[in-house]
Amino acid sequence: MASVAHAEQPLVYAPMNPARMSDVIRTLASDPFEGRAPGTIGALRTVNYIVSQFQAIGLEPAGENGGWTQEVPMIHTKIAPDASVQFRVGASETLDYRQSEQIYLTTSIPSSQIHIGNAPLVFVGYGVNAPARDWDDFKDVDLKGKIAVILINDPDFRAGPGDAVNGRFGGRTMTYYGRWTYKYEEAARRGAVGALIVHDTEAASYPWSTVIAPGGENFDLERKGAPGSLLVHGWLEGQAARQLFAKAGLDLDKLSEQARRADFHPVTLSGLSLSTTFNVETAHLESRNVLAKLPGSTHPDETIVYGAHWDAFGKSRGPHGEPLIRRGAIDDASGIAAVLEIARAFKAGPTPERTILFGAWTAEERGLLGSSWYVEHPLISLPKTVANFTIDVLQMAGMSRNAFVVGAGQNSLQDDFATIAAAQGRVAVDEALPERGAFYRADHLPFARAGVPVLPIMDLAGYPDLLKGGIPAGRKWLEAYMACYHQPCDAWSASWDVRGAAEDTAALYEVGRSLAFSRMWPSWKQGSEFKAMRERTESQRPAL
């Protein structure tokens with residue numbers, strides 16, 4: 001892309017069409033699509049719509065058996081809204097916590113009823129086992145039959161300059177160890193029957209209203225022969241957690257400070273046990289990834305992947321029983337619109353030398369399930385996958401002077417993106433809010449864990465420096481969006497200025513285009529946790 005001034009704004013985001021992107025978002029966020037929850041009629045309409053768009057562009061199907069889709073088997077569970085938990089305190093006292101008030105529970109167990117009786121509770125700090133960082137919160141504690149209580153984020157999230165842990169986990173930059181998904185997985189590996197994460201708005205990067213938004217629903221992949229899962233997992237509201245610890249004679253805030261030390265040992269909440277019984281609605285369903293391709297002219301076995309997730313949170317009821325649709329306009333109909341624009345640009349020619357794969361993933365909001373299933377059951381060679389580009393949340397406030405590098409320092413694609421941003425007249429900056437762990441929260445992560453270099457675009461990573469209003473206006477946009485994150489108000493608006501989203505999309509297209517006509521293989525940088533996996537598969541790549 002030629003370097004241009006912002007005075008020539010249409011060229012900055014060429015060949016992307018902001019009006020067409022807006023139309024796609026408006027369609028996917030409209031009433032007939034019902035919020036695009038997997039397993040619903042809205043999901044079926046979504047898949048059919050995306051297939052029709054890929055067909056209209058002139059792409060080839062890249063799914064199973066020569067079709068456009070890949071089936072993703074899932075388990076859908078939903079617990080009764082009146083579920084509650086009883087904590088026995090000593091010999092006689094009980095403490096009742098109600099669903100979505102003091103506690104939020106879900107399960108991935110396909111059973112009609114879940115029962116836990118008098119399970120002891122153990123506080124395991126941040127729930128991290130990281131030998132490479134000389135850190136183990138568990139110290140061989142026996143969690144079998146117990147409930148693990150865990151802090152969100154990393155051990156050094158709140159560390160000060162004098163704390164020994166400071167910087168060991170990236171400081172304010174969240175690592176994968178800070179994500180709730182990791183914490184549940186680790187608790188399950190250690191035999192716990194349940195895991196409860198203590199909610200903290202700053203450390204989680206979202207309020208309690210976001211935690212409870214799914215309404216007790218849970219989706220998980222249906223894996224044959226998979227190890228057992230937690231019977232229950234969920235969150236404790238922050239003040240309710242403090243109350244619970246106090247009943248055991250413990251100060252949660254002081255324990256949280258101790259958890260920032262490598263010599264921390266798990267603490268049993270003496271005299272406390274958890275009991276609950278609740279009914280579960282269970283369904284087995286097949287959702288679908290949508291896959292299309294543009295075959296490469298000279299190296300068709302080498303593939304560049306562009307992807308976004310098509311799902312949102314669907315229909316639900318408000319606090320007074322009113323019907324709601326969580327439309328997911330920005331998260332992530334905007335990403336699907338971007339993928340379609342990039343597909344059109346590649347199809348317009350010339351034909352790329354390497355194959356371009358376009359993926360619309362299911363169930364990202366439920367734990368990156370669609371992309372995870374694809375990586376576990378790839379339809380193309382992952383060692384021969386050159387790069388993955390993921391678009392998840394684009395800003396709708398207009399042109400900007402900056403562009404965000406999510407997870408800075410991971411790989412060479414980020415340097416390429418900075419070069420393209422400069423050609424657009426912008427400056428690439430590190431994400432302003434690394435504590436949100438954006439690099440570990442979207443569909444590029446399964447590819448990264450398989451060793452594929454990735455480049456995500458996620459405009460919730462900082463404040464856009466807008467041409468109209470600068471950073472204060474960008475801050476206003478992001479704060480307004482975050483108030484609507486996973487809520488019904490994430491809806492299409494005629495007042496949007498989609499040129500900023502198109503600008504980001506154009507930059508991602510240009511990075512991929514440079515790879516599509518080259519023999520270059522992006523690389524992970526020294527210190528990246530994903531570098532070793534890529535190195536193990538390099539022998540499977542074609543010789544240059």
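A cavity here is a set of points, on a 1 Å grid over the protein atoms alone, where a 1.4 Å probe fits but cannot get out; grid points are joined across faces, edges and corners, and a volume is the space filled by probe spheres set on the points. The model is predicted, so local features need pLDDT of at least 70 and side-chain atom pairs count only at pLDDT 80 or more, while totals for chains, interfaces and linings use all residues. Residues are numbered from 1 along each chain as its sequence is written, and side-chain values use heavy atoms, with hydrogens and water left out.

On to the cavities. Searching the whole structure turns up three of 30 Å³ or more, and the largest holds about 50 Å³ of space. Its lining (residues with an atom within 4 Å of a point) is made up of Ala312, Phe313, Arg326, Arg327, Gly328, Asp331, Glu365, His486, Gln487 and Asp490. Five of these lining residues are charged, three polar and two nonpolar, with Asp, Glu, Lys and Arg counted as charged, Ala, Val, Leu, Ile, Met, Phe, Trp, Tyr, Cys and Pro as nonpolar, and the others, Gly among them, as polar.

As for confidence, pLDDT (the predictor's confidence in each residue, from 0 to 100) averages 92 over the chain, and 96% of the residues score at least 70. Residues 1–10 fall below 50, yet this stretch has 27 contacts beyond near neighbours in sequence, a contact being heavy atoms within 4.5 Å.

In overall dimensions, the C-alpha trace spans about 75 × 50 × 50 Å along its principal axes.

Methods
On a 1 Å grid over the protein atoms alone, a cavity is a set of points where a 1.4 Å probe fits but cannot get out, and a pocket is an open set with protein on both sides within 12 Å along at least five of seven lines; lining residues have an atom within 4 Å of a point.
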